Amino acid sequence: ALLLADQMRITTFLKDVGIALTRGNTLQEILRHCADAIVINLDAAFARIWILNKEKDVLELQASAGMYTHIDGPHGQIPVGKLKIGLIAKEQKPILTNSVLDDIQFGNKDWVKREGMVAFAGYPLIIEGRLVGVMAMFARKILPEFTLRALAAVADVIALGIVHKQDEEELRKSEKRFRTIFENANDGILMV
């Protein structure tokens, strides 16, 4: 059972993510606000959100907040099944570790030591049984089990937001394509 304080933290986190999903024009802006909410509410050193590119079978970094805000670089694209992020995507199961330094999935031990990273939590973003992405965070202190509960509480909301925004962008492209065909047609168009 969750303590009342934990329930209140999750409620605040859900509220912040809900607001984030309405604050951006683009999917990257929306997800950056969601990553900010993870950093603020879960005491993360940094948080990132990747979206699955099904055609390439890779996760593409869309948002980063906290001590790292860039989305280009070596973790910009992670093949499904590789590293912790790709493993979360492949297995579609969350991961929480409070011993990053001892975990063989984290290859850059010098970075872990230099930055003082202690813990990692990652969660798959799934909607209707379909993986749409992964969210993850690093922290400089031990993370309680509450962290996975909090990520679980927002995972469906973020996944739904991703799918909704992708559908919205696809509809916009389709409308533009039909508008171009209609405006540039030399022959009459009959709509039935």
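Is D103 buried or exposed? D103 is buried, at a relative accessible area of 15%, and its side chain meets that of K84 in a salt bridge. Keep in mind that you're looking at a predicted model. The backbone story is an open sheet of six strands with antiparallel pairing, and the side-chain story comes down to two nonpolar cores plus a handful of salt bridges. Here's the rundown.

**The sheet**

- Reading across, the strand order is β3-β2-β1-β6-β5-β4.
- β3 (77-79) and β4 sit at the edges, each pairing on one side only.
- On average, neighbouring strands of this sheet are turned by 20 degrees against each other, direction ignored.
- As general background, strands of a sheet pair through backbone hydrogen bonds, either parallel or antiparallel.
- Over on the β4 side, β4 and β5 make three bridges in the antiparallel sense, with L96 standing opposite A121 in β5.

**β1 and its partners**

- β1 is largely enclosed by the rest of the structure, because eight of its eight residues are buried.
- In a regular strand the side chains alternate between the two faces of the sheet.
- For β1, that puts F46, R48, W50 and L52 on one side and A47, I49, I51 and N53 on the other, all of them buried.
- On one flank, β1 pairs with β2 in the antiparallel sense over eight bridges, and W50 stands opposite L61 in β2.
- β1 and β2 also form a hairpin with four residues between them; D57, in the turn, has a positive phi of about 55 degrees.
- β1 also pairs with β6, again in the antiparallel sense, over six bridges, and here the bridge partner of F46 is F138.

**Helices against the sheet**

- α2 lies across β1, β2 and β6, running at about 55 degrees to β2.
- α3 lies across β1, β2, β3, β4, β5 and β6, and its angle to β5 is about 35 degrees.

**Nonpolar cores**

- Generally speaking, nonpolar side chains in soluble globular proteins tend to be buried together.
- The largest nonpolar core here has 38 residues, and L125, M135, M137 and I158 touch the most other members.
- Elements giving two or more residues to this core are α1 (4-23), α2 (27-42), β1 (46-53), β2 (58-66), β5 (119-127), β6 (130-139) and α5 (146-184).
- α5 supplies the largest share of this core, with 10 residues.
- A second, separate core has 22 residues, including L61, Y68, V100 and F120.
- If you want one residue to click on, try M137: leaving aside neighbours within four places in sequence, its contacts are I38, L42, A44, F46, A47, A119, F120, A121, L143 and T147.

**Salt bridges**

- The count comes to five salt bridges.
- The general idea is that side chains of opposite charge can pair when their charged atoms come close.
- The K84 to D103 bridge has an N to O distance of 2.9 Å.
- K84 and D103 are 19 residues apart, so to speak a link between distant parts of the chain: K84 is in helix α3 (residues 83-91) and D103 in the loop between β4 (95-97) and α4 (109-115).- K84 is at 10% relative accessibility and D103 at 15%, both under the 20% cut-off, which means that both ends of this bridge count as buried.
- R114 and E115 also meet through their side chains, in a salt bridge at 3.7 Å, N to O.
- The two ends of that bridge have separate labels: R114 counts as exposed at 59% relative accessibility, whereas E115 is buried at 19%.
- E115 forms a salt bridge with R140 too, the closest N and O atoms being 3.3 Å apart.
- That E115 to R140 pair links distant parts of the chain, with R140 in the loop between β6 and α5 and E115 in helix α4, 25 residues apart.
- At 44% relative accessibility, R140 counts as partly exposed.
- Through shared salt-bridge partners, R114, E115 and R140 join into one network.

Notes: Residues numbered from 1 in each chain as written. Predicted model: local features only at pLDDT ≥ 70, side-chain atom pairs only at ≥ 80, totals over all residues. Heavy atoms only, no water. Core = buried A, V, L, I, M, F, W, Y, C linked by side-chain atoms within 4.5 Å. Buried < 20%, exposed > 50% of the residue type's maximum accessible area, 1.4 Å probe, protein only. Contact = heavy atoms within 4.5 Å. Salt bridge = Lys/Arg side-chain N within 4 Å of Asp/Glu carboxyl O. Pairing = 2+ DSSP bridges. Axes fitted to C-alpha atoms, helices over the stretch in contact; angles between N-to-C directions.
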